[in-house]
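Here is a set of questions and answers for working through one protein model. Keep the structure in view while reading.

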Amino acid sequence: ALYSNAKILIFDEATSALDTETETEITESIKKLSEQHLTMLIIAHRYSTLRYCDKIVELESGSIKGVHTYSELEERNLRVKR
């Protein structure tokens, strides 16, 4: 997809089976790709994978539950842990 100048890339659980260090390396690589003005859809269960996303769409039972920023998700998780 990168060699053919694709405009949209889809990552479906691209880091789910990786250790934390490797996940960070892949996430940093994805961040660098975003500087090329690509549209990327990242499907993930781990919030840390979504750290550099502009918008995070939360789905539940096939419907949109909310649209967030990473900071908003972090804040919500801190409130839940308290």
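Q: Is Glu25 buried, partly exposed or exposed?
A: This is a predicted model, and the values below are computed from it. Glu25 has a relative accessible area of 47%. Buried means under 20% and exposed means over 50%, with partly exposed in between. Because 47% falls in that middle range, Glu25 counts as partly exposed.

Q: In which helix is Glu25 found?
A: The protein has two helices. One of them, α1, covers residues 20–34. The place of Glu25 is in helix α1.

Q: How far apart in space are the C-alpha atoms of Glu25 and Gln36?
A: Along the chain, Glu25 and Gln36 are eleven residues apart. In space, their C-alpha atoms are separated by 18 Å.

Q: How far is Glu74 from Glu25 in space, C-alpha to C-alpha?
A: Glu74 is found in helix α2, and Glu25 in helix α1. Glu74 counts as partly exposed, at 41% relative accessibility. In sequence the two residues are 49 apart, and in space their C-alpha distance is 20 Å.

Q: In what order do the elements of the protein run from the N terminus on?
A: There are two helices and four strands to place. Among them, β1 covers 8–12 and α1 covers 20–34, while β2 covers 39–43, β3 covers 56–60 and α2 covers 70–81. The strand β4 covers 63–68. Read from the N terminus on, the order is β-α-β-β-β-α.

Q: Is Thr27 buried or exposed?
A: Thr27 lies in helix α1. Its relative accessible area is 3%. The cut-off for buried is under 20%, so Thr27 is buried.

Q: Which residues does Thr27 touch, not counting those up to four places away in sequence?
A: Thr27 belongs to helix α1. With residues up to four places away in sequence left out, the residues it touches are Ser48, Thr49, Arg51 and Tyr52.

Q: What is the C-alpha distance in space between Ala14 and Thr27?
A: Ala14 lies in the loop between β1 and α1, and at 39% relative accessibility Ala14 counts as partly exposed. Thr27 is buried, with 3%. The two residues are 13 apart in sequence, and their C-alpha distance in space is 9.3 Å.

Q: How far apart in space are Asp19 and Ile43, C-alpha to C-alpha?
A: Asp19 lies in the loop between β1 and α1. Asp19 counts as partly exposed, at 44% relative accessibility. Asp19 and Ile43 are 24 residues apart in sequence, and the C-alpha distance between them is 17 Å.

Q: Which residues make up the largest nonpolar core?
A: In soluble globular proteins, nonpolar side chains tend to be buried together. Here the largest nonpolar core has six residues. The elements that give two or more residues to this core are β1 and α1. Its members are Leu9, Phe11, Ile30, Leu33, Leu38 and Met40.

Q: Which residues does Phe11 touch, leaving out those up to four places away in sequence?
A: Phe11 is one of the residues of the largest nonpolar core. Beyond four places in sequence, Phe11 touches Ile30, Leu33, Met40, Leu41, Ile42 and Ile43.

Q: Which element gives the most residues to the lining of the largest pocket?
A: The largest pocket has a volume of about 820 Å³, and 25 residues line it. Ile42, Leu50, Cys53, Lys55 and Ile56 lie nearest its centre. The elements α1, β2, β3 and α2 each supply at least two residues of the lining. With five residues, the element that gives the most is β2.

Q: How many nonpolar residues are in the lining of the largest pocket?
A: The lining also has five polar and five charged residues. The number of nonpolar residues is 15.

Q: What is the phi of Ser61?
A: Most residues other than glycine have a negative phi. Ser61 is not a glycine, yet its phi is positive. Ser61 lies in the loop between β3 and β4 and is exposed, with a relative accessible area of 78%. Its phi is about 55 degrees.

How values were computed:
Residues are numbered from 1 along each chain as its sequence is written. This is a predicted model: local features need pLDDT of at least 70, side-chain atom pairs count only at pLDDT 80 or more; totals for chains, interfaces and linings use all residues. Side-chain values use heavy atoms; hydrogens and water are left out. A nonpolar core is a set of buried Ala, Val, Leu, Ile, Met, Phe, Trp, Tyr and Cys residues joined through side-chain atoms within 4.5 Å. Buried means under 20% relative accessible area, exposed over 50%, partly exposed in between (1.4 Å probe, protein chains only). Contact means heavy atoms within 4.5 Å. On a 1 Å grid over the protein atoms alone, a cavity is a set of points where a 1.4 Å probe fits but cannot get out, and a pocket is an open set with protein on both sides within 12 Å along at least five of seven lines; lining residues have an atom within 4 Å of a point. Grid points are joined across faces, edges and corners, and a volume is the space filled by probe spheres set on the points. Ala, Val, Leu, Ile, Met, Phe, Trp, Tyr, Cys and Pro count as nonpolar, Asp, Glu, Lys and Arg as charged, and the others, Gly among them, as polar.
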